[in-house]
Amino acid sequence: MILLNLFKLNIKSPRVEAYKTVIEELNVQIDNKNPLFNTQLSIDNVTSKYYNISKLQLVNITLNDTLYFRTEFDGGIDKTEKYNLAFYHTFNKENKSVFGLQKSDFTFKNNKWVINPKNNLENKVVYDNKTKTYNFSPFLVASNNEEIEFYGTLKDTISKDLNFKFKNVKLASITPEIDSLKLKGIINGTLNYNQLNDQVKPTADLMVSNFNVNNSHQGDLKVAIEGKNSVKNYNVDISLKREGGINFSAKGDLDFTPAKPTLDIIVDFEEFKLDAFSPLGEDVFNNIRGFAYGSVNLTGLLNNPTMSGELYLD
């Protein structure tokens with residue numbers, strides 16, 4: 001029996017180096033007539049300056065003109081981030097390219113997140129080659145009652161409209177580990193990036209309720225940031241409210257355009273709690289308590305600003 005259009009390929013290599021990336025124990029099998037898989041890929045380790053991957057397994061099969069993929073791997077420096085992803089590629093009735101995610105999951109900071117928890121057809125990107133437009137249907141990522149949603153459009157270099165929505169997301173679930181600084185709270189709000197021709201408007205409108213720093217309850221943190229027709233120059237308006245009063249506020253400008261970023265921000269304190277910063281003092285100041293009052297203007301370099309004003313400690 002002769003099989004037409006048969007293609008088989010096996011590749012094995014103990015080590016591959018390219019573009020400052022090292023791949024160890026590469027094994028690729030391709031068989032376009034295999035009923036179980038068309039492509040099977042396994043890699044022991046991938047080391048790069050961006051991200052490290054280990055124990056990667058990927059399987060691909062084609063069914064009814066749709067390419068289906070499933071992959072599993074561990075990631076991160078300590079290999080504690082687990083990924084179990086299922087995705088596909090096809091063309092719709094309008095001959096537009098469709099890339100979608102089926103129900104998948106990953107573990108980040110010991111928290112399991114599920115992508116497309118309802119396993120519907122909404123979590124996809126549709127590309128129109130005629131108009132050079134990417135349309136992102138809502139991608140939903142959930143962990144219990146925490147939800148992050150992403151949607152938007154990209155049209156060539158003319159316009160962009162990208163949106164993130166956060167609902168009941170734990171601050172500790174998505175922020176990186178920082179020495180002597182433990183952050184807690186619940187995030188609700190949006191991140192947006194809009195561009196039309198030369199007009200650019202990135203914005204953030206976030207509320208962190210029950211904001212907690214190093215086990216010290218600080219109140220509700222509100223963050224409003226808007227780009228000044230730039231992704232490097234911003235107006236910021238940040239406030240912290242506790243027991244009905246504003247205990248901290250910061251309003252002004254941040255400019256990342258220069259090689260050394262600058263700021264011009266007025267910071268107001270009113271019974272602002274200081275105990276959260278005891279761990280930062282280490283052995284020198286290890287029992288910081290009390291409150292801060294006053295108003296200061298921070299100007300100059302972001303990493304070494306000049307401070308003018310009055311600040312009182314009680």
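Is Arg-242 buried or exposed in this predicted model? Arg-242 counts as buried because its relative accessibility is 9%, and its partner in a salt bridge is shown in Figure 6 of the legends below.

**Figure 1. Overall view of the predicted model, with 2 helices and 21 strands**. The radius of gyration of the protein is 25 Å, well over the 20 Å that the globule rule gives for 314 residues, so the protein is more spread out than a compact globule. Along the principal axes, the C-alpha atoms fill a box of roughly 90 × 45 × 40 Å. Of the 314 residues, 35% count as buried. The accessible surface comes to about 20,100 Å², and carbon and sulfur atoms account for 54% of this surface. Among contacts between residues at least 6 apart in sequence, 31% join residues at least 24 apart.

**Figure 2. Confidence of the prediction in helix H2 and strand E7**. The average pLDDT of the protein is 89, and 96% of the residues score at least 70. Confidence is lowest in helix H2, which covers residues 278–281 and has a mean of 56. Confidence is highest in strand E7, residues 97–101, at 96. Where pLDDT is low, the predicted coordinates should not be read in detail.

**Figure 3. A nonpolar patch on the surface, formed by Phe-7, Leu-9 and Ile-11**. Together, these three residues have about 240 Å² of accessible area. One of them, Ile-11, belongs to strand E1, which runs over residues 8–18. Ile-11 counts as partly exposed because its relative accessibility is 35%.

**Figure 4. Two buried serines, Ser-42 and Ser-137, and their contacts**. Ser-42 is located in strand E3, residues 39–47. Its relative accessibility is 19%, and Ser-42 therefore counts as buried, the cut-off being under 20%. Apart from neighbours within four places in sequence, Ser-42 touches Glu-25, Leu-26, Asn-27, Leu-56 and Gln-57. Ser-137 is part of strand E11, residues 133–143. With a relative accessibility of 12%, Ser-137 also counts as buried. When neighbours within four places in sequence are again set aside, the contacts of Ser-137 are Glu-122, Lys-124, Phe-150 and Tyr-151.

**Figure 5. Positive phi values at Lys-55 and Asn-229**. Most residues other than glycine have a negative phi. The phi of Lys-55 is near 55 degrees, a positive value in a residue other than glycine. Lys-55 lies in strand E4, residues 53–63, and counts as exposed because its relative accessibility is 61%. Asn-229 likewise has a positive phi, near 50 degrees. Asn-229 is found in the loop between strand E16 (216–227) and strand E17 (233–242). At 38% relative accessibility, Asn-229 counts as partly exposed.

**Figure 6. Salt bridges, including the pairs Glu-17 with Arg-15, Lys-228 with Asp-253, and Glu-271 with Arg-242**. The structure holds 6 salt bridges. In the pair formed by Glu-17 and Arg-15, the closest N and O atoms are 2.9 Å apart. Glu-17 is exposed, with a relative accessible area of 57%, whereas Arg-15 counts as partly exposed at 47% relative accessibility.

In the pair formed by Lys-228 and Asp-253, the closest N and O atoms are 3.7 Å apart. Lys-228 lies in the loop between E16 and E17, and Asp-253 lies in strand E18 (residues 245–255), so the pair ties together parts that are 25 residues apart in sequence. Lys-228 is partly exposed, with a relative accessible area of 38%. Asp-253 is partly exposed as well, with a relative accessible area of 26%.

The side chains of Glu-271 and Arg-242 meet in a salt bridge with an N to O distance of 3.7 Å. Because Glu-271 lies in strand E19 (residues 262–273) and Arg-242 in strand E17, this pair ties together parts that are 29 residues apart in sequence. Glu-271 counts as partly exposed at 32% relative accessibility, whereas Arg-242 counts as buried at 9%.

Notes:
Residues are numbered from 1 along each chain as its sequence is written. This is a predicted model: local features need pLDDT of at least 70, side-chain atom pairs count only at pLDDT 80 or more; totals for chains, interfaces and linings use all residues. Side-chain values use heavy atoms; hydrogens and water are left out. Patches are made of residues with over 30% relative accessible area and no salt bridge: like charges are joined within 9 Å, nonpolar side chains (Val, Leu, Ile, Met, Phe, Trp, Tyr) within 5 Å. Accessible areas come from the Shrake-Rupley method with a 1.4 Å probe; for residues, only the protein chains shown count as cover. A salt bridge is a side-chain nitrogen of Lys or Arg within 4 Å of a carboxyl oxygen of Asp or Glu. Helices (H or I, at least four residues) and strands (E, at least two) are DSSP runs, numbered from the N terminus. Buried means under 20% relative accessible area, exposed over 50%, partly exposed in between (1.4 Å probe, protein chains only). Contact means heavy atoms within 4.5 Å. pLDDT is the predictor's confidence in each residue, from 0 to 100. The radius of gyration is taken over C-alpha atoms; the globule rule is 2.2 Å times the number of residues to the power 0.38.
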